[in-house]
Amino acid sequence: MKQNEQDSQVDCYRMMRLIRTVETQLSKLFADSEVPGFIHLSIGQEAVAAGVMAALDARDTMATNHRGHGHVIARGIDLDMFFMEIMGRAGGICGGRSGSMHVADMERGIIGANGIVGAGIPIALGSALAHSLRKTGGIAVVFFGDGAMAEGVLHETLNMASLWSLPLLFVCENNGWSEFSPTKDQFAAELGDLAAAFKIPHQLVDGNDVAAVSSVAKKLVGEVRTGQPRVFECKTHRVRGHYEGDPQKYRPADEVASGSDIDPLERAELLLKKQGMTQAGLEGIITGIEDRVALSIEKAKAGKQPDFASALADVYTAKG
């Protein structure tokens, strides 16, 4: 393996470990009532965020969904401001007003998370159209779960992206669950068949293998830059419930469990060790990330609460 390929795999592992550490800490903060509202964790799905984001550059834009922490972290959102946002502090990226499900950062091309299933898909379509008309050379990426496959807005967006040859990459994180129901019980078709109906090439990959995700993502991003939409389906595993605190009584116990053959971090660690990384090297990465996350949390806890006027801003238009 070439050195740059190995470095890329280490970078992807670092990013997955950062996402896992952030969300593990968010789970604890939520349990301690430090996080208002709901949060939806992507533990077990980190390889998709790390692998896809590694293929993008500064020109590109991305829209995500209610389970979008990993996507925005992999895109490079400021970690201090991220925690402040999730914890409702004035210093957050959106002034503490967005919470977990509506994080946005236009400077990094993060055009928004969304609490409505599939609602980010047409937003990304608009961004792809802007890239095309303005000839930016950038592409738009949208992340959605398999629960969005039955949404008409996905079908409409596939149609328009195909008709207009827009630079849009559809990324489906297929974890087998549409909130509380198996996806097979609420959508009769396969995503590949749906994409084919609109003449858009579809690629399926093991979404728990970050090397596979990043390799395919790099290829597809190159194709999308030529003005051809693509559908990228990543089969993955949702470790936590639909929302944090979900008792998951609808899931078999053995289906909830995540073993080393499924966990993307454990699989990546095994590969890195085969390539020569020592246990001490891995522990050094983990410790460094844990320290970094802990510092961001402490800053967020010390952050100011937004005052009433700033919290109310943008809710109503000003008179005039």
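This note reviews the salt bridges of a predicted model.

1. The search covered the whole structure, and twelve salt bridges were found. The points below discuss several of these contacts.

2. One of the salt bridges pairs Arg-20 with Glu-46, with 2.5 Å between the closest N and O atoms. This contact connects distant parts of the chain, since Arg-20 belongs to helix H1 (residues 3–31) and Glu-46 to helix H2 (residues 46–53), the two being 26 residues apart. Both partners, Arg-20 and Glu-46, are buried.

3. A salt bridge also joins the side chains of Asp-206 and Arg-267, at 3.0 Å from N to O. Here, too, distant parts of the chain are linked: Asp-206 is in strand S7 (residues 202–206), Arg-267 is in helix H10 (residues 264–274), and 61 residues separate them. Are these partners buried or partly exposed? Asp-206 has a relative accessible area of 33% and is therefore partly exposed. Arg-267, with a relative accessible area of 26%, is partly exposed as well.

4. Arg-230 and Glu-223 form a further salt bridge, in which the closest N and O atoms lie 2.8 Å apart. Arg-230 has a relative accessibility of 12%, and because buried means under 20%, Arg-230 counts as buried. Glu-223 has a relative accessible area of 24%, so Glu-223 is partly exposed.

5. Which residues are joined into one network by salt bridges that share partners? The network consists of Asp-57, Arg-59, Asp-60 and Arg-225.

Methods. Residues are numbered from 1 along each chain as its sequence is written. This is a predicted model: local features need pLDDT of at least 70, side-chain atom pairs count only at pLDDT 80 or more; totals for chains, interfaces and linings use all residues. Side-chain values use heavy atoms; hydrogens and water are left out. A salt bridge is a side-chain nitrogen of Lys or Arg within 4 Å of a carboxyl oxygen of Asp or Glu. Helices (H or I, at least four residues) and strands (E, at least two) are DSSP runs, numbered from the N terminus. Buried means under 20% relative accessible area, exposed over 50%, partly exposed in between (1.4 Å probe, protein chains only).
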